[in-house]
Amino acid sequence: KMSQMNNPYEAPQSPITAVNSTATNLASKGQRFGTYCIDTIAIYVLLFVGALLGGMLGFSADSAAPTILFIVLFLGYFIYLELTFGQTLGKMLMKTKVITEDGSPLTLGKVLGRTACRFIPFEAFSTFGTQPWHDSIPKTRVISTK
């Protein structure tokens, strides 16, 4: 009967939390580099199509339109795809996905944080460390889905 009652001398019990096993399966440097290359090509293709459309609509290359177009397409590419799918085109092809550190679903704030960090000067060099700034600052991880 003592085991059914609250025993004041018993060690405190804590709930066991499941560890997200996919969080330990971080994407390799090769997967990350492949993703970067594919995403860069995808953004240039979007810019090319956008420039063609802009030219057909009469936008001048001397105006601010090309810069605004680049910013809108860049932001839209990363924010829409990562928020909707947790993956950009590069991540889909390289079989990786963005998750939060604690495994909770990506939020608009996390995705905006990741995308804003990409504009930090020399952010690309942070990939030579243990974790790129666009992952460490918003507290996200890129995992392999293979």
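User: What pattern does the protein chain follow when read along the sequence?

Analyst: The order is α-α-α-β-α-α-β. That comes to five helices and two strands. The model is predicted.

User: What share of the protein chain is buried, and what makes a residue count as buried?

Analyst: Of the 146 residues in the protein chain, 28% are buried. Buried means under 20% relative accessible area.

User: Why is Phe74 called buried?

Analyst: The relative accessible area of Phe74 is 12%. The cut-off is under 20%, so Phe74 is buried.

User: Why does Phe78 count as buried?

Analyst: Phe78 has a relative accessible area of 4%. This value also falls under 20%, so Phe78 is buried.

User: How are Phe74 and Phe78 placed in the chain?

Analyst: Both residues belong to helix 2 and are four residues apart, about one turn of the helix.

User: How many aromatic pairs does a search of the whole structure find?

Analyst: The search finds seven aromatic pairs.

User: Why is the pair of Phe74 and Phe78 called tilted?

Analyst: The ring centres of Phe74 and Phe78 are 5.0 Å apart, and the planes stand at 55 degrees. Centres within 6.5 Å make a pair. Planes under 30 degrees apart would be stacked and planes over 60 edge-to-face. An angle of 55 degrees meets neither condition, so the pair is tilted.

User: What makes the pair of Tyr77 and Phe78 edge-to-face?

Analyst: The centre-to-centre distance for Tyr77 and Phe78 is 5.1 Å, and the angle between the planes is 90 degrees. The distance is within 6.5 Å and the angle is over 60 degrees, so the pair is edge-to-face. Tyr77 and Phe78 are both buried.

User: Which residues do ring pairs link into a cluster?

Analyst: The cluster consists of Phe70, Phe74, Tyr77, Phe78 and Phe119.

User: What makes up the largest nonpolar core, and why is it called a core?

Analyst: Seven residues form it: Ala42, Ile43, Leu47, Phe74, Tyr77, Phe78 and Leu81. A set of this kind is called a nonpolar core because its residues are buried, belong to the listed nonpolar types and are joined through side-chain atoms within 4.5 Å. Helix 1 and helix 2 each supply at least two residues of this core. The most come from helix 2, with four residues. A second, separate core has six residues, among them Ala27, Ile79, Val98 and Val142.

User: Which residues is Phe74 in contact with, leaving aside its neighbours within four places in sequence?

Analyst: Phe74 is in contact with Ile43, Thr115, Arg118 and Phe119.

User: Why is Arg141 called partly exposed?

Analyst: Arg141 has 22% relative accessibility. Buried requires under 20% and exposed over 50%, so Arg141 falls in between and is partly exposed. Arg141 lies in strand 2. Not counting residues up to four places away in sequence, Arg141 touches Leu26, Lys97, Val98, Ile99, Glu101, Gln131 and Asp135. Arg141 and Ala27 are 114 residues apart in sequence, yet their C-alpha atoms are 8.6 Å apart in space.

User: Why does Trp133 count as partly exposed?

Analyst: The relative accessible area of Trp133 is 37%. This is neither under 20% nor over 50%, so Trp133 is partly exposed. Trp133 is part of helix 5. Among the residues it touches, beyond those up to four places away in sequence, are Cys117, Ile120, Phe122 and Pro138.

User: How much space lies in the largest pocket, and which residues lie nearest its centre?

Analyst: The largest pocket holds about 980 Å³ of space. Its lining has 35 residues, and Tyr36, Arg118, Glu123, Thr127 and His134 lie nearest its centre. Helix 1 gives the most to this lining, with eleven residues. By type, the lining of the largest pocket divides into 17 nonpolar, nine polar and nine charged residues.

User: How do the residues lining the second largest pocket divide by type?

Analyst: There are ten nonpolar, four polar and no charged residues in the lining of the second largest pocket. The space in this second largest pocket is about 220 Å³. The 14 lining residues include Gly50, Gly54, Ala65, Pro66 and Leu69, which lie nearest its centre. Helix 1 supplies the largest share of the lining of the second largest pocket, six residues.

Technical notes
Residues are numbered from 1 along each chain as its sequence is written. This is a predicted model: local features need pLDDT of at least 70, side-chain atom pairs count only at pLDDT 80 or more; totals for chains, interfaces and linings use all residues. Side-chain values use heavy atoms; hydrogens and water are left out. On a 1 Å grid over the protein atoms alone, a cavity is a set of points where a 1.4 Å probe fits but cannot get out, and a pocket is an open set with protein on both sides within 12 Å along at least five of seven lines; lining residues have an atom within 4 Å of a point. Grid points are joined across faces, edges and corners, and a volume is the space filled by probe spheres set on the points. Ala, Val, Leu, Ile, Met, Phe, Trp, Tyr, Cys and Pro count as nonpolar, Asp, Glu, Lys and Arg as charged, and the others, Gly among them, as polar. Buried means under 20% relative accessible area, exposed over 50%, partly exposed in between (1.4 Å probe, protein chains only). Contact means heavy atoms within 4.5 Å. Rings of Phe, Tyr and Trp (its six-membered ring) pair if their centres lie within 6.5 Å; planes under 30 degrees apart count as stacked, over 60 as edge-to-face and the rest as tilted.
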